Amino acid sequence: MAGTHTSQPLHRAAAWAARLLLVVPTAVAGCRLLDTDAVTPVPQFLALLPWLAVPAGLALLVLLPARRPLSAAWAGAVLAVTLWCVQPYGPAATPARGPVTGELRVLAANVRFGEATDALAALVRRERPDLLFVTECDPACARRLSARHPYGAHVAAAGPAGSVILGALPLTPEPALPGTSMGMPGATVRVGGTDVTLRLAHPQPPLPGQVGPWKRELGVLRDFAAHHAATRGAPGAGHPGRPLVLAGDFNATQDHAAFRSLLDSGGLHDAARLAGAARTGSWPRDAAVPPYAQIDHVLVSDAFTVRGARFLDLPGSDHRALLTDLVLHARP
């Protein structure tokens, strides 16, 4: 009996500790389930969503032997929702069909204020991509990379606002996306007789105090993609029938509602998801822990299939680069 009385305070303390462990996973999983990014600190924690299964699982393991059935049910529900949300978002394939009209090797990279330019140049020599989508690339960075990719669309600026789309194939530049604070240039490239629209993505990061601008700029990308999808094939549309590649540092994962809205509204597919790499981390590369959030993406419209996607280390950057092999088909 004495042992039983002694264990009761320990069980109570353990149960309280377990409930505290559940607070953040409950709030974050709830927002994910309700399809909202809410306010700080929810967007920041959403980038960690898969890892929140750990405290939820620990809480469940503590609450079961402590004989707290209601709290254990709470922990089980949070764990189940978290694990369900970890599944890759979106279909596993595009509806592209028909003969292959062309192929594109696309490399998306954030060079961290130009610090990883030399590493990216070496990567380009080795992998030989057709197109580069480079964020935080100042004019010196753009000149360095233009040696092998002489065609480009530029936003010439220092710091995070500098960005370029560079091609080994001729590009027709288009104006940068209005309503954004960091460079988002656009271009058109002709692949196998088909014009393909290109757009670089780099919205503000969801730092505390900047969640509003982050949502707004992802909304600008969503509206651009939705308009493009709505005008494909429409008589008199600006870019009728054009496939789309939207790539860069989105500062968002599949667990952010604003990013899922962009995919859904634009009829877009994440190339990494199509290649079986939906949960491969791309950021932060140079931290004490391995990259845990996939915020670098190559998004494609229905006209493409994806042959492969690889995340590659880029010394000097806090991001990993994303290399994708895209196949363009005659009919979406």
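Ala, Val, Leu, Ile, Met, Phe, Trp, Tyr, Cys and Pro count here as nonpolar, Asp, Glu, Lys and Arg as charged, and the others, Gly among them, as polar. With that in hand, here are the close-ups; please keep in mind that the model is predicted.

**Figure 1. A look into the largest pocket, with a volume of about 440 Å³.**
Of the 25 residues that line the largest pocket, Pro-205, Pro-206, Leu-207, Asn-251 and Trp-283 come closest to its centre. Sorted by class, the lining of the largest pocket holds 14 nonpolar, 7 polar and 4 charged residues. While you have Trp-283 in view, follow the chain to Pro-284: the peptide bond between these two is cis, with omega near -10°. Pro-284 itself sits in the loop that runs between H9 and strand S10 (296–300).

**Figure 2. The second largest pocket, at about 290 Å³.**
This view shows a lining of 21 residues, with Pro-50, Arg-279, Tyr-292, Ala-293 and Gln-294 nearest the centre of the second largest pocket. Two elements each give two or more residues to that lining: helix H8 (257–266) and helix H9 (271–274). In the lining of the second largest pocket, 13 residues are nonpolar, 4 are polar and 4 are charged.

**Figure 3. Helix H8 and its buried residues.**
With 7 of its 10 residues buried, H8 is largely enclosed by the rest of the structure. The buried residues to pick out are Ala-257, Ala-258, Phe-259, Arg-260, Leu-262, Leu-263 and Gly-266. Just past the end of H8, look for Gly-267, which takes a positive phi of about 60°.

**Figure 4. The two sides of helix H5 (residues 117–127).**
Thr-117, Leu-120, Ala-121, Leu-123, Val-124 and Glu-127 are the buried residues in H5. These residues lie on the same side of H5 because they cover an arc of only 160° around the axis. Turn to the face directed away from the buried side, and you will find the exposed residues Asp-118 and Arg-126. The cover over the buried residues of H5 includes strand S1 (97–110), strand S2 (131–135), helix H6 (139–145), strand S11 (304–312) and strand S12 (321–331). Just after H5, Arg-128 has a positive phi of about 55°.

**Figure 5. Strand S12 and its pairing with S1 and S11.**
S12 has 8 of its 11 residues buried, so this strand is largely enclosed by the rest of the structure. S1 and S12 are antiparallel and joined by 9 bridges; to find your place, look for Gly-102 opposite Leu-328 in S12. S11 and S12 are also antiparallel, with 8 bridges between them. A good landmark on that side is Phe-311, whose bridge partner in S12 is Leu-322.

**Figure 6. An open sheet of 6 strands with mixed pairing.**
Reading across the sheet, the order is S5-S6-S7-S8-S10-S9. Strand S5 (171–174) and strand S9 (269–270) stand at the edges with a single partner strand each, so one side of each has no neighbour in the sheet. S5 runs antiparallel to strand S6 (residues 186–191), and 4 bridges join the two. Leu-171, for example, has Val-189 as its bridge partner in S6.

**Figure 7. Val-196, a residue of strand S7 (residues 194–201).**
Is Val-196 buried or exposed? Its relative accessibility is 0%, so Val-196 counts as buried, the cut-off being under 20%. Beyond its neighbours within four places in sequence, Val-196 is in contact with Ala-187, Thr-188, Val-189, Val-191, Pro-243, Val-245, Phe-304 and Leu-328. If you zoom out to Ala-288, 92 residues away along the chain, the C-alpha atoms of Val-196 and Ala-288 are separated by 40 Å.

**Figure 8. Backbone details in two loops, one between S1 and H5 and one between helix H1 (2–33) and helix H2 (42–46).**
Most residues other than glycine have a negative phi, and most peptide bonds are trans. In the loop between S1 and H5, Arg-112 has a positive phi near 50°. Phe-113 lies in the loop between S1 and H5 as well, and its phi is positive too, near 60°. Arg-112 is partly exposed at 26% relative accessibility, and Phe-113 is partly exposed with a relative accessible area of 44%. For the loop between H1 and H2, the residue to find is Pro-41, which is joined to Thr-40 by a cis peptide bond with omega of about 10°.

Key. Residues numbered from 1 in each chain as written. Predicted model: local features only at pLDDT ≥ 70, side-chain atom pairs only at ≥ 80, totals over all residues. Heavy atoms only, no water. 1 Å grid on protein atoms, 1.4 Å probe; cavity = no way out; pocket = protein on both sides within 12 Å on 5 of 7 lines; lining within 4 Å. Points joined across faces, edges and corners; volume = space filled by probe spheres on them. Buried < 20%, exposed > 50% of the residue type's maximum accessible area, 1.4 Å probe, protein only. Arc of directions from axis to C-beta. Contact = heavy atoms within 4.5 Å. Pairing = 2+ DSSP bridges.
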